[in-house]
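Trainee: I'd like a close look at one part of this model. Could you walk me through it slowly?

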Amino acid sequence: MAASAPTPPATGFPAEGRCGYFVEKKKRFCRMVVAAGKRFCGEHAGAAEEENTRKRILCPLDPKHTVYEDQLAKHLKKCNAREKPKPDFFIQDINAGLTDETEILEQLV
């Protein structure tokens, strides 16, 4: 007995302005909103490889999200996971206290 793949609902089409990706586990179409002129949401953009020849790769700063390979340089400048410059008044470990007893002796002398 062969297992059959679940089929989309009777309509066979996603709701207007919604993602066209069929989620097998939930047996329904994705309900995320799509950008104008697109069929898939950002989460399922990889499913549209036949429509889109651009390759998505993991962000090197934060692998929790992806970016188009040709836009990587631009993305790295504005990614929220990048290390931001420290303000001029920032001093590392200013309130950390003394690290060992030798510093106490040096201050007393």
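Trainee: Which cysteine sulfur is closest to the sulfur of cysteine 30, and why is there no bond?

Mentor: Quick ground rules: this is a predicted model, where local features need pLDDT of at least 70, side-chain atom pairs count only at pLDDT 80 or more, and totals for chains, interfaces and linings use all residues. Residues are numbered from 1 along each chain as its sequence is written, and side-chain values use heavy atoms, with hydrogens and water left out.

Now to your cysteine. The closest cysteine sulfur to that of cysteine 30 sits in cysteine 41, 4.0 Å away, which is too far for a bond, because a disulfide is a pair of cysteine sulfur atoms within 2.5 Å. Cysteine 41 has its own closest cysteine sulfur in cysteine 19, at 3.7 Å, and that is too far as well. By this rule, the disulfide count is zero.

Cysteine 30 is buried at 7% relative accessible area, and cysteine 41 is buried at 2%; buried means under 20%, exposed over 50% and partly exposed in between, with a 1.4 Å probe and protein chains only. Cys19, Cys30 and Cys41 belong to the largest nonpolar core, together with Val23, Val34 and Phe40. Such a core is a set of buried Ala, Val, Leu, Ile, Met, Phe, Trp, Tyr and Cys residues joined through side-chain atoms within 4.5 Å. Leaving out residues up to four places away in sequence, cysteine 41 touches Cys19, Cys30, Met32, Val33 and Val34, where contact means heavy atoms within 4.5 Å.
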